[in-house]
Each structure stands twice: as C-alpha cells, then as structure tokens.
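Work through the following exercises with the sequence and the coordinates open beside you. Each task is followed by a solution that goes step by step.

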Number of protein chains: 2
Amino acid sequence: MKSDIQIAQENVMLPIVEIAERLNLEMDDLKLYGKYKAKIDQNAIAQLDTKDDGKLILVTAINPTPAGEGKSTVTVGLGDALALAGKNSMIALREPSMGPTMGMKGGAAGGGYAQVQPMDEINLHFTGDMHAITATNNALSAFIDNHLQQGNELDIDSRRITWKRVMDINDRALRNIVVGMGGPTNGVPREDGFDITVASEIMAILCLATSMEDLKKRLGNIVFGYNRKREPLTVRDLKMEGALTLILKDALEPNLVQTLYHTPAFVHGGPFANIAHGCNSVIATKTALKLADYVVTEAGFGADLGAEKFLDIKVPELGKAPDAIVIVATIRSLKMHGGIKVADLKDTVDPSAVARGFANLEKHIQNMQRYGVPVVVAVNAFTQDTKEEIAVVQESCKNLGVICEIADVWGKGPEGGLDLAQAVIAATEQEMTYKPLYDPQKTTIEEKITAVVREIYGGDTVVFTPKARQQMKQFSRHGWEHLPVCMAKTQYSLSDNPKQLARPEGFSITIREFVPKIGAGFIVALTGDILTMPGLPKQPAALNMDVLEDGTVVGLF
Amino acid sequence: MKSDIQIAQENVMLPIVEIAERLNLEMDDLKLYGKYKAKIDQNAIAQLDTKDDGKLILVTAINPTPAGEGKSTVTVGLGDALALAGKNSMIALREPSMGPTMGMKGGAAGGGYAQVQPMDEINLHFTGDMHAITATNNALSAFIDNHLQQGNELDIDSRRITWKRVMDINDRALRNIVVGMGGPTNGVPREDGFDITVASEIMAILCLATSMEDLKKRLGNIVFGYNRKREPLTVRDLKMEGALTLILKDALEPNLVQTLYHTPAFVHGGPFANIAHGCNSVIATKTALKLADYVVTEAGFGADLGAEKFLDIKVPELGKAPDAIVIVATIRSLKMHGGIKVADLKDTVDPSAVARGFANLEKHIQNMQRYGVPVVVAVNAFTQDTKEEIAVVQESCKNLGVICEIADVWGKGPEGGLDLAQAVIAATEQEMTYKPLYDPQKTTIEEKITAVVREIYGGDTVVFTPKARQQMKQFSRHGWEHLPVCMAKTQYSLSDNPKQLARPEGFSITIREFVPKIGAGFIVALTGDILTMPGLPKQPAALNMDVLEDGTVVGLF
C-alpha cells in the first residue's frame, strides 16, 4: 500500500493558473506563490459580488475515534466525485498548522487518493498566513507591554491582561511564563503564556471577517484585558487596529490549490474547533460559492461541536446555510460507540456493536435535520469493514429515511465517491428552510447554552460555576450578551465526559468559565480544561524529517 | 519634496518575469510570489555554476551619524547608474526585518529615487524568509525544552542553555523571561529570553551557507548549550538538523525584485552587523555574480565593522573578493567627526570641520587599501552641502590618490550616480591582489582580535577580561580556535567608545566576553553590552499605519 506522500509525489499537478482558468479567473486575479499555489486578489473577489451562489455542502461527522473519521478525506473525495459527475465543484478546507506537523506524524490535507496538493508546502509555510497571524497576535502583545512600560495611560491592570502570545509550534515550556524580568529597562514583570497560533483570536477573526473593513472593525473590538476599574480595554483604545490590519492584509485573501484530480480547492484559515468555531474562512467559502456550482466544506470535530458552530456562528456571517449536510461515520467508530475497546477495533467484526453504536449517528442525524437541512450519511470505507457491518448502518439509516452511501475515496479516488456525490446532488435539490438554534439578539448566554445542551447534546441540565455566573453578569453589563456562544467541549462524546459514548441521556454539562472573544464576536464556554498549547512527544516526527540536496522532502508524512 | 512611499507608489513596476528575462532566467527558474517578487529555484542556481563571475563592488561607509550615511541608497543608485552606463548590473541587498518597521519610522529599501520595490511588501512579510528563520529557531528551542522534559538523555544543564528564542518584533518584555512554569506537565522551569529574529544564529547560517548540504551541516554544528560536564551540545546530538533544514528550504533561495528603474536586485538575508557579520546571503551574491557583469552589494555599519567582516568572514565562503570598494561619506558625518554637535549639523557650514573630520575617512580608505582592493569614495549628497565643503573632501582624497565622486542618486536617480559609476568601472579594471587580514587556521583568537584592533581600528592594545581569557582556553579545547572572529563593537567610533570620533589613537579595546556561533562558523567578541532585542518607542510608527478597503497601504513610511 502506498503512503500519502508517495501518492502525492507520483501525481502531476497542473499549473495553478490552469486551475484558476477553469473557474474563469484570469492571471490578474491571482497572486501566485510558486507554480501551484495562488491567492485570489481581493479586488477580483469584490467583482464577484453580484454573481449567484452555488450549492453549499457541509461535511461533518459523528463523535470520532482518536484517529478521526476522515472528514477531510471525504470532503476532498466528494469534491472530486462531483467533478467526475460533471459538476463544476470546489472544495473549501481549513489550513493546517505547522507546529503539530513537527510533533505527531501526519498532516491535514486529506489522505490516500483524496488529497489536496502540494501537501508538503500546505503543511509547512504554505502562503504565510499562519506566520502573519502569529506576527499580528504578538505585535499586539508587544504594544500592550510597551503601553505598560511607557506610563500606562490606560491604567491597564497587568494582572488582568487576557491577551496571550502565540507561536506555531508545539512547545509546552511556553504555556506559563513570566515576562519583563531584568530590571526597569526591560519591561514590567507579569505572568503570561503562549498558545499555539491556531488558538489565537486573530485566527478566528480572520476566518469570520467578511471584508478588509470588517476585519479592521473586529480587530479594533478585541478586548485584551481590563483596567484597574475592571473595565474592558480594546485594541481600539490602543489605536492599533490599522497596524494589525496591515500585517494581516495578504492573509485575508484565500489560497487556491488543487486536488490530486485537479479539482480547485481553497485552503484558508484554521481556527481551533474547541475555543473557536473550527471552520475555514468566510471569505474563502463565500468566494467558492461565487466560482463553483457545488462547494464542499467541512467543520472540525463531530457535528455536536463543528456543525453546531458552523450553523450558529459561521452561517450568519456567511449569509447562507448549507444546502445539504454529509455526516461521516466509520464502521470502527460505530463499533466503538457500541462498546468495543479502541485497541480492539481493528480486529473485531461485530455487526451488533455497529447496531448499538448507531445511536450516536442517529442523534447527529436528528440534530442536523433540526436545522432544516437535508442530511446524507457517508460511511468512510476501511479495508477491514465487512458487508454485514455496513448493511447494519445502511438499514438503520433507511429506517430513518436517510440515504447512506459508502465513500471509498481514500482507496479509489473520485470513482469511490460517485454514489455519495449523486445522493448529495439529490439532497441539495430538496426544499429546505434553515432554522437556527437560537436568535442571538433575543436570548441570554444562559438560554443559548441551554439550547445547545438540550437540543444538540441531548443533556438535561446546565450547571454554571459561581465564576461562570459572575462572568455572565459582567458580560451583560458590558453589552456582550447578544453574542453567540462557542462551546469548548470534548469531541469524543455528546456529553462533557469523553467516556460517555453512543447516546448518553439525562446528563448535565458544567460550564466552568467563559472566555470572551469580542473581536471574533463570540463567547467561549469552557466545559473542562482545554489545552491551547500542545507539547511534543518523546520521539517527535521531526526526527525523521529531512530535505535532500535537490530539495526533495523526506519524512514529512 | 516627495516622500519615499509617494515616489514608490507613483512608480510603475515591470512584471518580475520581465526583469528575470533580462538576466536570461526563464519562467521555470522562478518561484513567483505575486507579480513583483520571485525566488530563484535552487536547481536553476546549480546550473549557473560553470559561468564566469562578474565584477563585485562592495559599498561600505565611514563611522556614521545616528541617521546613517545612506549606504543602501548609494548601493541601489550605483546599480541603477551602472545600468544607465550600459552595463549589465545587479544589486544584492540585505532583507529588512518587520519588527523595527512597527517601532521607528523608516524601512530599509533605499530612499528617494534610489529604492528597491515593492517597498511595502519588502518591509512586511516579503517572501516569508524572516518567518521561516523564526520558526526554525523556535522549533530548536522547543526540541531542547522537550528533551529536558522527556528524560534529558543528553544531560543538558538547563542553566547553561545558550540558545534563545526569537521573534520579529521589538518587544523588550521578552528579553528576560522564565519558561516552564506551572508544574510537571508544563516543562522544566528555567531562565530564557527572546532576541529579535535577525539576531538569530539561524540568520547568520542562512547567509553563509553555500548549498542545502552546507546549510544542513552548519545547522547540525550549532552549539545550543552544555551538559553537566560542561561539554558543548550540538543540534546533531539532538538529531534535528534535517527537520531544521526542511523548515528553511525555501528561505535559502534568493529573492528577486527591482529598483525604481527596473535594475534587478536580490534582497536576501539580513544578519545583525554587531553579533553577526551583517551582509546579505552568500547564495544571493554568488548567484548575482553569475547573472550580471557588475554586482553592487553592501555591508552593515561602518567599514571597520561591516567591510572587515565582509572581507574576513564572507569572502572565504563566497570564494571571491570585491573588485572595488566604495566608501560612502556625507558632509554631515565628516563635520561631526570634525567636532560639530549632531544637533547642529543641519545648520552648520564649516569646511574646516570637514577637513578635520576627514581623518576618519582617511583611516577607512587606508584600511580598505590594506586588503589590496581598489577604493572609490562616494559623497552621498544632501541639499545643504556647500561647494566649499565638498571641495575639501575631493582635494583630500586627491592627495591620497583616491577618486572621490558626488552621488546624488537620492535626488536625481541614476543620472546622479553616473560619475560614480564610471569611477567604479575604472577601479574594477585595476590589477589587484586580495590580502586577508589573517589566516584563521594559523592564528589564535587572541591574534585575530589583535590584528583587527591594531590594523583596522588603529588601537594599541587589547584587554581581555578574566572571563574572556577563560573562554579562549575552553574554545581551544573544543577545537574552535581556527574560526574567524566577529567583532561586536559600536559603529560610531573606530574605538569601543562611541564618543571618540575622527581617528582616535593609542586606545585599548576591552573584550568583555565571547559568544561562540559554531553553526555560523565564527566567534563573536563582545566589546560592550549589545542589545539583541529592541524596544518600542512611546509613540510607535504602528500608530500611523493603516490599510484601506482596496488594499492601499497607509503610513508605512
């Protein structure tokens, strides 16, 4: 069996200019980054504004195994299959972060015969967006510390600076640091810490901004900390929103690449799916909808997190709901939800476990249908899957009136996704009325969270810690109550306990604390400890990486 | 009078593909970064290897005023003037750092009618080299801290880790920090600090590497700290040189841009001129010599620092000495060396002060002649300069048998540099024999430093602190004695006291401490406190920066 990098290296890419031509984009609309990557010029994007939107297909998943359900692979393969079916299709994916690439083995550009290309560059510096986000985030940190140093006119409380520095590397030693040591010429000592770049609010802002002006407005809205009267302080108070926008100028433009089968793909923006909303950029999705008749995109984690946030946070900014939702499941994860241990999944054939585990998929199907969007189930095929196990899923879906197709795009490329593509095309032709979960303007934070917990997670009650209660009071004083909520919860269970598999009921969710992201425009609700700076393993993947004299990349995957 | 950014914005650039064509480079030899920037593919560079070298012209300066002598401006203008004189010329400049751009007003892309373009992009992310260097440096830091956390097989002494983290931003609060706080899962607490990216040894390595293999070798050689037996530890001990090379792969390729008058220019690599050697990359200079008949390049600070390091550190790696050296002086700086206060320079006409200050220029002329290279003096014209003052310099140069030309490239573009260009062409046609200051293999560190102090600075004695003496003993045990020295000294005086102007004599230089840069391949000798992380001023330039809805950049300069 060939590795991802072998398949990728054997593939011949087309010049990105030719890919762009298929979308009726001209040379002047592009900013080339080498031969196979390009940004779309923002002025070209502005000119697309009057065109009709294509159909939007959201790919999400059930609560996954630790190895993931293969959402990106299905997203890429479905885009390719739609093209094979004669449709003008595009893909809109998240952008991977370089940091984790050096840590654990594996990139984030699909897999097998469903990959975007050039995967080595996409997983390293790509077009520099991550670097620009890092620079913007850390410029703000420097401005804050400089303000403290130069007289502190805003009366910043150095103990209540909530803005952290970031770096695109797994580096646990930077989680908790003390800065400003070394005497009066070297800053004001205070506690600080680094998150990984994708956890930066700047990333969430870039992904939700609808234009350069909107980007600047959101950057100005960032609350970086509090003064000694405990009033929130913003980037606008520092007068730095223009400079931060300038550093992000190019990063706002979506990056065009191609799949192994030359389907055009935007890979742009990649916020965390726990402390942020976990989808690629609004600008990329919006532009793709103007350029193609079918746009396939994905949301991070399972549908309880990624799809909920896509539908309640991204859709209002996008101004368009999905025309169909594809829920990805694997036979392995269904067996896991049916009680088989993760270590035994590979060697266990057990249709009855699949049947028990279906309860998880069923809940996600019902959740997505609740939004009024047609649903298709895609079983991401593994070579070990048996006919009997697959039949269980298909039969159970049929009982719910939902189409279920096998997607073998990893092993077979677009041919392996043709049935799924046809089902998706049919789904997008159904009548639909999008119903959001809540109206953010007309609900309190507590009401929003209660709606998510009851209607999406299937829980009974929400417990707020005293700290969370106090924060909700403060937020309503600050006028932040109308913002949507962004739930930070384990992706492995519908509840906040990763061990509660399948379809738990009667549980309660504890909201430990809130993190206001006023620039991004949402309030993060933490249900547990969320790690925003990963660490490296004992044997990092970097140990195997190399580059040969002629530039050939070795060991990246 | 128009500002630099006004002149730049009124100028119409040619597509970089056309600029490359003039150098006989084809589309396939380029990696485009938008329409006006390109990297030269390393395979295309390899194919140039058998071509003859053009003439190399090094631009340096006398000890400058705080505003600088305008070396970059003269470098760009001379390149343009050589083109106007019908020569196939190229420019090889250092790459500016984004951090300081946000702090003090001003970029580093020449000025007036002698600029490289697109100056806004060159001063921001450019082609991502600075980001790649930052990422490489900090990946190494993460690997070191991870090694400490995961059992510390190499027995790293956490108090003797010399490798610091870096960031491309002026941020004094990061100079001295404590990392690894927060308990056992969050790393091993230790003192650390951030330098600005251009001060990273990675930057010096990138600029001295002659190929991908050489880059990897140098990265492997980096000494990042010591074990508890006080033995040096290298990146090769961590087995991380392959991964670090991979992160730097694209950054190794030189960046092609153009001047206002469409002369091709490489802008690549920008190490500090105090704790590093202060010249653009060997690969860019080497490639330019293959592509053009005349290559104009510059070295940082005055000739006592920049040119000395160019001649004793860079030339051996480059395998070619300059065919002519241009020493830039301004009437203002000559008057400063003649005793006029900096605040009064603008409004003082004083030919006798120019005559007194000439002693500084004279010493630099003699120093450069000592290397066996023909010298030309360029007076970088200012509107306030008087004929009488200029006559003093020209007469004094004549007495030394050195040509002195006025360069008004800032005000007039290439026409203003034609006389200088003719003088330089004539100089490169003189017979020359390059004589390095010392043979690094046959001299001790003490002998090398003594040679620089006596022959270049004009001092009498060198004082080594007890610490420096002890380090020299250690270095000779480690086998580092054969490396060249890299002096870190004030740029404002030939001595180590910035207040000793003109041509001080009989002084002694104190070597406080050494910093071994084994990857870069030199030993830094510190003569005082060198700041490797700048701070922001009370009113940073960033306050005036903005970007409009259509992408127009405001307030960058």
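**Exercise 1.** In which strand of chain A does N255(A) lie? Establish also whether N255(A) is buried or exposed, and list its side-chain polar contacts.

*Solution.* This is a predicted model, in which local features need pLDDT of at least 70 and side-chain atom pairs count only at pLDDT 80 or more, whereas totals for chains, interfaces and linings use all residues. Residues are numbered from 1 along each chain as its sequence is written, chains are lettered from A and ligands numbered from 1 in the order in which they are written, and side-chain values use heavy atoms, with hydrogens and water left out.

Step 1: N255(A) lies in strand β14 (residues 255-259) of chain A, where strands (E, at least two residues) and helices (H or I, at least four) are DSSP runs numbered from the N terminus.

Step 2: N255(A) has 0% relative accessibility and therefore counts as buried (under 20% relative accessible area, as against over 50% for exposed and partly exposed in between, with a 1.4 Å probe and protein chains only).

Step 3: The side chain of N255(A) makes polar contacts with the side chains of K39(A) at 2.9 Å and T127(A) at 2.7 Å; such a contact is a pair of N or O atoms within 3.5 Å, where within protein one must be able to donate a hydrogen and the other to accept it, and residues adjacent in sequence count only if both atoms are side-chain atoms.

**Exercise 2.** Determine how strand β16 of chain B is enclosed and which strands pair with it.

*Solution.* Step 1: Five of the five residues of β16(B) (residues 294-298) are buried, so the strand is largely enclosed by the rest of the structure. On one face these are Y294(B), V296(B) and E298(B), and on the other V295(B) and T297(B).

Step 2: Strands pair if DSSP finds at least two bridges between them. Strand β3 (residues 55-61) of chain B runs parallel to β16(B) and is joined to it by five bridges, while β4 (residues 89-93) of chain B pairs with β16(B) in the parallel sense over four bridges.

Step 3: T297(B) is the bridge partner of L58(B), and A92(B) also stands opposite T297(B).

**Exercise 3.** Find the operation that relates chain A to chain B.

*Solution.* Step 1: A rotation of 180 degrees with 0.0 Å of shift along its axis superposes chain A on chain B, with an RMSD of 0.0 Å (least squares on the C-alpha atoms of residues with pLDDT of at least 70 in both). The two copies are thus related as by a two-fold rotation axis.

Step 2: Because 100% of the interface residues of chain A are also interface residues in chain B, the copies meet through the same surface (contact means heavy atoms within 4.5 Å).
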